[in-house]
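Grab a pencil and work through these short exercises with the model open beside you. Each task comes with a stepwise solution.

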Amino acid sequence: MDELYEPRQRTRADQFYFDRQSMQMLLAHLREKRLRVLAQIHSHPGRAFHSEADDEWAIVRHAGALSLVLPRFAQEATVDNFLGLAATYVLSTQNRWEEATGRALLEIC
């Protein structure tokens, strides 16, 4: 079963924030549906990279989790070019976000 869930959030031009209640709602939804978060996707205003804030505030926290970052607020993203545009990272067993490209990404998926 695949599902897209957009948590309630507060946003600014350069940041988003999930309050405690929003996270509790997400976790309750996941428990009820017997699901887990495998990946998170967000965008940056310029180039795509995993910032220190991305590292610290990531929602997914298990080894093998994916974090995809799209450049230029995803304005150019389409189904056909999505993976080519996205900077893609995987959380290592040492709890570090490491870039995963090409064949490594296919092995994870």
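**Exercise 1: the two sides of a helix**

Task: find the exposed residues on the face of α1 turned away from its buried side.

Solution. That face carries R20, R31 and E32, where exposed means over 50% relative accessible area, buried under 20% and partly exposed in between (1.4 Å probe, protein chains only). A quick note on the ground rules: this is a predicted model, so local features need pLDDT of at least 70, side-chain atom pairs count only at pLDDT 80 or more, and totals for chains, interfaces and linings use all residues. Residues are numbered from 1 along each chain as its sequence is written, and side-chain values use heavy atoms, leaving out hydrogens and water.

Next, list the buried residues of α1: S22, L26, H29 and L30. They sit on the same side of α1 because they cover an arc of only 95° around the axis, taken from the directions from the helix axis to the C-beta atoms.

**Exercise 2: the cores**

Task: work out which residues make up the largest nonpolar core.

Solution. Start with the rule: such a core is a set of buried Ala, Val, Leu, Ile, Met, Phe, Trp, Tyr and Cys residues joined through side-chain atoms within 4.5 Å. The nine residues are A48, A58, V60, A65, V69, A87, Y89, L91 and W97. Strand β5 (residues 87–91) gives the most, three residues. Another core, of six residues, lies apart from it and includes L70, A86, V90 and A100.

**Exercise 3: a charge and a ring**

Task: which residue lies over the face of F49?

Solution. R47 does, at 4.3 Å from the ring centre; the test asks for NZ of Lys or CZ of Arg within 6 Å of the centre and within 35 degrees of the ring normal.

Technical notes. Helix = DSSP H or I, 4+ residues; strand = E, 2+ residues; numbered from the N terminus.
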